[in-house]
Structures are given as structure tokens and as C-alpha cells.
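Here are some notes to read alongside the model, set out point by point. Keep the viewer open as you go.

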Amino acid sequence: MIGACLKANTEAVQERFAALAAPLVWTQSHAWILLPALALVAGASQVVRRTVGEPWLWDVIHSLLDDLQKQAFGDVPSEPLHHHRATLFKHVKWKACSSHWPGSGWLIPVERSGHTARKTKAFFHAPDDADNAEGVAGKTWACGGVLFVSGLPDPRTNLKKKQRETYIRETWVSERWFERRDCYARSFCGIPVEARGQPWGVIVLDSRNEKEIGKEAANYYNLIAKQLGLLLGRR
Amino acid sequence: MGEWMKLDPDQVDKGRMLRIKGVEINVFLSPHDVPRHVRGYYDDKLDRFVIEFNYLDDEDWKRSSQEPNLSLRLGRNSQRLLGIEANVKALKAGAVELKLHIEQAVSRAIEGLSGQFQKKAASYEAAMGVIEDRESQLFEEMVPS
């Protein structure tokens, strides 16, 4: 289209479509800056698309997380499904943060099951050293295995000091982290996620129910692991 | 070629207790690291006895030679133990001796793991457990028929 604009005869356009003449002249006289700028925009959008991934890909990943949530928690009909969630975290090297060295490894949320409460700002420090990893997500990353935490006190109630300490200790978060975020979950299951044979991130299943999320719930991950790995590997 | 034998993931991986920052938890292998199937057969082309493991993901492998007559097939990206090739003729080994050779090679492979891949040690041990449990069926075709 730009090529056609540059080649167009302005006098002929002026005669037949007077309204288009002015923009055409402007395009032709600014072609020297327009062309490089358009090339730059096209290049940048390719980079963004490659980094973020295509929208359809995230729709499929979301539906896989929905399946996992339903399979893992679907047998509790008395409770709303959004009280039990599956969140996919991606491991990244760098993240702006004041509490730790930004380049030490982080887990950031990229997708969550369900259609409500999908937005989360919870991210975790996740170096390879298990002692310094934060949260169930960070420990799952550092251990490279599936782990379960259950029987936690209800964080929505007015926790006593001891209960609060128990929650913080057993979920491996800091006091500051706990204070700054809305915590609801009373049981967790962390599952490592791989793409192309390499660690990619983790999935954290969390529930407001204090009962342990059974190993069979984690086994449902096996049903989606292959597809998820292929999709994440495409990015 | 030997038939794939289906493995029960709950039997292969019974979990291990870890104490992380004062909290004791049971940690299980990553689902990607649990062998799902295993088979043993004599490969006439290679002239080797081969044990193969199958996991959730398919992956290309590279050969890692620990000793002249025994090599391991490791996942190209994951370093998972995908197979073992043994020159049983040269080793002049029966099932018992071969198992010992394999154990030594796997131990050396675990020692060689570094960084992220150190977490694979538990997966190697699970694979060794499978060989132990399925020894009689796996070593049936240890020599050329």
C-alpha cells in the first residue's frame, strides 16, 4: 500500500479524488521517515509477539488449566470452583524488585484457571537454591519435584500471632510478602512444568479447603503435561 | 524387540521426606521424571543389550559413555536416563554382574550432574529401582537369541 502511495500520480488523484490528494502528498514527502518507522514498528511487534506468545496459544493454555482445575477439584460440588485454582508461573531470570537481587531468578504468574479472580500480582523469588526460594512456587522450582502443603490456618480470619507465624513459615513467604497480598489458600500443591525437556516454570494448585490436595489431583497434570509442554515450547 | 512394560508411577516414586527451612514435607518426583514404561532387549544391529525407559515427554538422546562396554542414553535437554546399552559379550557378565556395572555407571552419571540437573539424581535412582523390581523380565533377552 505504501508502495502504491509512493508511485501514485498526485495530479491524477487531485483530479478524480480531491480529498485524497493532500494525505497522498504528505505521505510522499515524508516517505524518508515513514518507511524506516514502519519497518521499526513491524520488527518491534514481531519481537513482542514472540516474547508474549500468540493470543490463541494463551487461550488453549487457559483451557488446559481449566481442565486441570476441574479434574483436580471438581469432586467438591458444595464449594465454588474459584475457591480452588490452578496458576501457571513462568521462571524468569530478571525482575525488578527491591527485596532481592533482580537477576537471581523469579516466578511470575502468566495464566490462571477460571474466569474470575484471574488477575494476580503474586510473584516469588526463585533461585535454584531451595533455602532461599520463596513460597510454594519457589520451593517447587528449587526442589524440582511435586510438593504438598495443607492444614494451614485460615488467613481470611483474624489470625493469632502464632497462627500467623505458622502460615508464614509453612508457606515459606516473608512477613512483608504476607502483609502485602490477599491470601486465601489453606492448602497447596506445586508441580514443576517443563518445555523441550527443560524446566520452564511451575503450576500451583491452591485451595481454600484445608484438606490436603491429594496426589491423584497432581496426577491429572500428567493428562495435560504433553500438550502444555508443546505449547510453551512454541513460544 | 522386548515389549514395553507399563509402570505404576505411585510404585516407582514413593516420595522422599525433605526438611526445608524447618518444615518437613514429602516431595515427589516431577511427573516429567517418572519412568512410565520400561523394556529390555538385545539389539542385533548395535550388538548390545539395551534397557529403555519411556517418560511423559519424548526426547532425543545423546550417548554418554561411562566405560568402554557400557553407555547411558541421556535426554539431550533434560539429562533424563532414557536408556542403557551394555556389551554383555565383552563384559562377560551375567545378570547380577551387569546390574552392578549399571549401578556404577549410573552413580558416576549422577556425580557428573551439575546445577539444575542435580535434581535429576532422584529420577536416576527411581530408574534404578525399576531395574531392580523388573530384573527378571528385563534381563530375559540379555543375550542374542
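**Notes on pockets, helices and single residues**

1. Let's begin with the open spaces, bearing in mind that this is a predicted model. The largest pocket holds about 450 Å³ of space. Its lining is made up of 24 residues, and those nearest the centre are A:Arg85, A:Arg112, A:Ala122, A:Trp177 and A:Asp182. If you want to find the walls by element, look at β1 (84-92), α6 (135-143) and β6 (198-207) of chain A, since each of them supplies at least two lining residues. Sorted by class, the lining of the largest pocket has 14 nonpolar, 4 polar and 6 charged residues.

2. Now for the second largest pocket, where the space comes to about 350 Å³. It is lined by 20 residues, and A:His100, A:Glu134, A:Val173, A:Ser174 and A:Trp177 are the closest to its centre. Two elements of chain A, α7 (161-170) and α8 (175-180), give two or more residues to this lining. The largest share, 3 residues, comes from α8(A). By class, the lining of the second largest pocket has 8 nonpolar, 6 polar and 6 charged residues. Do keep an eye on A:Trp177: it is listed among the residues nearest the centre of the largest pocket, and it is also listed among those closest to the centre of the second largest pocket.

3. Next, a helix in chain A. Helix α3, residues 18-29, has 12 residues, and from its first C-alpha to its last it reaches 18 Å, close to the 16 Å expected at 1.5 Å a residue. Which residues of α3(A) are buried? They are A:Ala21, A:Leu24 and A:Thr27. Looking down the axis of α3(A), the buried residues fall within an arc of 135°, so they line one face of the helix. Over on the other side of α3(A), A:Ala19 and A:Ala22 are exposed.

4. Helix α5 of chain A, residues 55-73, is worth a look too. With 19 residues at 1.5 Å each, α5(A) should span 27 Å, and its end C-alpha atoms are indeed 27 Å apart. The buried residues of α5(A) include A:Leu57, A:Trp58, A:Ile61, A:Leu64 and A:Leu65. That list isn't just hydrocarbon side chains, though: A:His62, A:Asp66 and A:Gln69 of α5(A) are buried as well.

5. Over to chain B and a residue in a loop. B:Asp33 sits between β3 (23-29) and β4 (37-43) of chain B. Is B:Asp33 buried or exposed? Its relative accessible area is 2%, and buried means under 20%, so B:Asp33 counts as buried. The side chain of B:Asp33 also has a partner: a polar contact of 2.8 Å joins it to the side chain of B:Arg80.

6. Two more buried residues of chain B lie in helices. B:Lys99 belongs to helix α3 (residues 95-112) of chain B, and it is buried, with a relative accessible area of 14%. From B:Lys99 to B:Lys6 there are 93 residues in sequence and 21 Å in space, C-alpha to C-alpha. B:Ala121 is part of helix α4 (residues 121-133) of chain B, and it is buried at a relative accessible area of 14%. B:Ala121 and B:Glu97 are 24 residues apart along the chain, with 22 Å separating their C-alpha atoms.

7. A couple of backbone angles deserve a second glance. A:Arg196 has phi near 55°, a positive value in a residue other than glycine. You'll find A:Arg196 in the loop between β5 (187-195) and β6 of chain A, where it counts as exposed at 60% relative accessibility. In chain B, phi of B:Asp47 is near 60°, again positive in a residue other than glycine. B:Asp47 lies in the loop between β4 and β5 (48-54) of chain B, and it is partly exposed, with a relative accessible area of 30%.

8. Finally, back to chain A for one more loop residue. A:Asn132 has its place between β3 (124-125) and α6 of chain A. How exposed is A:Asn132? Partly: its relative accessible area is 43%. A:Asn132 and A:Glu79 are 53 residues apart in sequence, and their C-alpha atoms are 35 Å apart in space.

Note on methods: Residues are numbered from 1 along each chain as its sequence is written. Chains are lettered from A and ligands numbered from 1 in the order in which they are written. This is a predicted model: local features need pLDDT of at least 70, side-chain atom pairs count only at pLDDT 80 or more; totals for chains, interfaces and linings use all residues. Side-chain values use heavy atoms; hydrogens and water are left out. Helices (H or I, at least four residues) and strands (E, at least two) are DSSP runs, numbered from the N terminus. The expected span of a helix is 1.5 Å times one less than its number of residues. Buried means under 20% relative accessible area, exposed over 50%, partly exposed in between (1.4 Å probe, protein chains only). The arc is that of the directions from the helix axis to the C-beta atoms. On a 1 Å grid over the protein atoms alone, a cavity is a set of points where a 1.4 Å probe fits but cannot get out, and a pocket is an open set with protein on both sides within 12 Å along at least five of seven lines; lining residues have an atom within 4 Å of a point. Grid points are joined across faces, edges and corners, and a volume is the space filled by probe spheres set on the points. Ala, Val, Leu, Ile, Met, Phe, Trp, Tyr, Cys and Pro count as nonpolar, Asp, Glu, Lys and Arg as charged, and the others, Gly among them, as polar. A polar contact is a pair of N or O atoms within 3.5 Å; within protein, one must be able to donate a hydrogen and the other to accept it, and residues adjacent in sequence count only if both atoms are side-chain atoms.
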